[in-house]
Amino acid sequence: MSTTTHTPLGARTLHEQRVLAALRAGGAMSRGELARRVGLSRTTLSEITTSLLERRAIVVADTDAATRVGSGRPAERLTLDPASGQFLGVDFGHRRVHVAVADASHEIIAAGVERYTATTPWTERLDLAFALIDRVCGTSGAHFGALQGIGIGVPGPYSGVRAGAAQVPWTRHPAAAGVDEAFAERFGAPVVVDNNMRLAALAEAISGPGNPDNLIYVRLADGVGGGLVVAGRLVTGSGGFAGELGHVTVDPSGRTCQCGKRGCLETIASVPAVLQACRDAGSSLETLEDLAMAVERRDPAVDVVLRDVGTTLGRVLGAAAMALDPDEVVIGGELVHVAPVIVEQAAATLRYELYPLPASAPLAVRAGVLRDGDGAIGAIAALFHQSPLLAEYPTPTGAGEQDF
């Protein structure tokens, strides 16, 4: 009587990742070539590739008939399915969720955004995110037959990776604590959860020119936050607060912030705050598109508001730069692309604040190169764990020895 043995689940997952990594690095290969490359027996390799083919993680590219030496039937050559979404990035903002899907070569193959109100319950935000993922995959043809990891960015401080009960210290988002569990249950893949602004900082740091060892990043969107690169490492801080520049107090008698304090930078430099300030100044603006048109026609009242925002932002960044002495300061977010004068004014103010410091060259201050989907892209980058910035960043729990 013959018996059939099957590779244990944990070992099979690891073998699959090795096969996918080999195909990513080496291109199309026959099963024999793959077995030699990854060090698996032909029996085990056959079991692994059969499963990957059934799930459409890989496809048959062609045969080796053109290069085959000797007799025998040509062997099939296997390659990665270009529509196989292997990494999923999700960025939950205060008023919208962005998703991005990357293939095995780390290229974005699908992306989209869905908006909601600031008071939308987290259960509904999850439903909207899942529906958005289904929609963008349906439109692009992407699928998750070999999903290797999910990166999720959420508002508020996080201390790095959570694969069980995610920690959200700020009580305004208590229901977000189950976001990782909801995604893990739906997709059956390891999950990374972190502050969405820090993930955006990671995306900018690896996408921009150069490779700064010390960087300050701030993003102006529905909220204001940021991230820090110190000594070549993306840092989270002891409680996940590192880079929370949006909650630096700039006006103790100012508006009440979502965090419970008064006069935080977020109450002045976020999109809703800027639009409200423009309305208070006499310009009837409701959306970013309205703001863009006002900037285009050089509305004087709007210009004053934007320069005031840039000045306040520059002072906060100046204080941070005095403490950290960065190579570069990056200002990102959708507001920056609509109103570049904010970056110009912030840079001028920041350099004035730093003037007494000796320096061989002026501090580099630039606008972010990515759009408002940077948090989702950064969430995917955190899964890869290849950048030197992530040398001390936790790997996804449950990922074992994955080589993203």
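Select L291 and show what surrounds it: setting aside neighbours within four places in sequence, L291 is in contact with V274, L275, C278, L285, V302, L306, L335 and V338, where contact means heavy atoms within 4.5 Å. This is a predicted model, in which local features need a pLDDT of at least 70 and side-chain atom pairs count only at pLDDT 80 or more, while totals for chains, interfaces and linings use all residues. Residues are numbered from 1 along each chain as its sequence is written, and side-chain values use heavy atoms, with hydrogens and water left out.

**The core around L291**

Now widen the selection to the largest nonpolar core, which has 41 residues, and in which L220, L291, L313, L317 and I331 have the most contacts. A nonpolar core is here a set of buried Ala, Val, Leu, Ile, Met, Phe, Trp, Tyr and Cys residues joined through side-chain atoms within 4.5 Å; buried means under 20% relative accessible area, exposed over 50%, and partly exposed in between, with a 1.4 Å probe and protein chains only. The elements that each supply at least two residues of this core include strand 9 (215–220), strand 10 (224–230), helix 9 (288–296), helix 10 (300–324) and strand 12 (328–332). Helices (H or I, at least four residues) and strands (E, at least two) are DSSP runs numbered from the N terminus. Helix 10 gives the most to this core, with 9 residues.

Apart from this core lies another, of 28 residues, among them L88, C137, I150 and F187.

**Helix 8**

Next select helix 8, whose buried residues are V271, A273, V274, L275 and C278. These buried residues pack against helix 7 (266–269), helix 9, helix 10 and helix 11. Just after helix 8, stop at G282, which takes a positive phi of about 105°.

**The sheet beneath helix 10**

Colour strands 9 to 13, and an open sheet of 5 strands can be followed in the order 11-10-9-12-13, with mixed pairing; two strands pair if DSSP finds at least two bridges between them. Its edge strands, strand 11 (233–235) and strand 13 (364–367), each pair on one side only. On average, neighbouring strands of this sheet are turned by 20° against each other, direction ignored.

Within this sheet, strand 9 and strand 12 pair in the parallel sense over 5 bridges, and I216 stands opposite V329 in strand 12. Helix 10 lies across strand 9, strand 10 and strand 12, running at about 160° to strand 9; axes are lines fitted to C-alpha atoms, for helices over the stretch in contact, and angles run from 0 to 180 degrees between N-to-C directions.

**The other sheet**

Move to strands 4 to 8, where an open sheet of 5 strands has the order 6-5-4-7-8, again with mixed pairing. Strand 6 (108–115) and strand 8 (191–195) are its edges, each pairing on one side only, and the twist averages 15° from one strand to the next. Strand 4 (residues 87–92) and strand 5 (residues 96–102) run antiparallel and are joined by 6 bridges, with A102 in strand 5 as the bridge partner of F87.

Two helices can then be added to the view. Helix 5 (residues 179–187) packs on the sheet, touching strand 4, strand 7 (149–154) and strand 8, and its direction makes about 155° with that of strand 7. Helix 6 (residues 196–207) lies across strand 4, strand 7 and strand 8, running at about 100° to strand 8.

**An aromatic cluster**

Show the rings of F92, W122, F130, F144, F183 and F187, which ring pairs link into a cluster. Rings of Phe, Tyr and Trp (its six-membered ring) pair if their centres lie within 6.5 Å, planes under 30 degrees apart counting as stacked, over 60 as edge-to-face and the rest as tilted. By this rule the count comes to 6 aromatic pairs. One of them, F92 with F183, is edge-to-face, at 6.3 Å centre to centre and 75° between the planes; this pair links distant parts of the chain, with F92 in strand 4 and F183 in helix 5, 91 residues apart. Both F92 and F183 are buried.

**Confidence along the chain**

Finally, colour by pLDDT, the predictor's confidence in each residue from 0 to 100. The protein chain averages 82, and 84% of the residues score at least 70. Over residues 1–9 pLDDT stays under 50, and the model has 6 contacts beyond four places in sequence for them; over residues 398–404 the pLDDT is also below 50. Where pLDDT is low, the predicted coordinates should not be read in detail.
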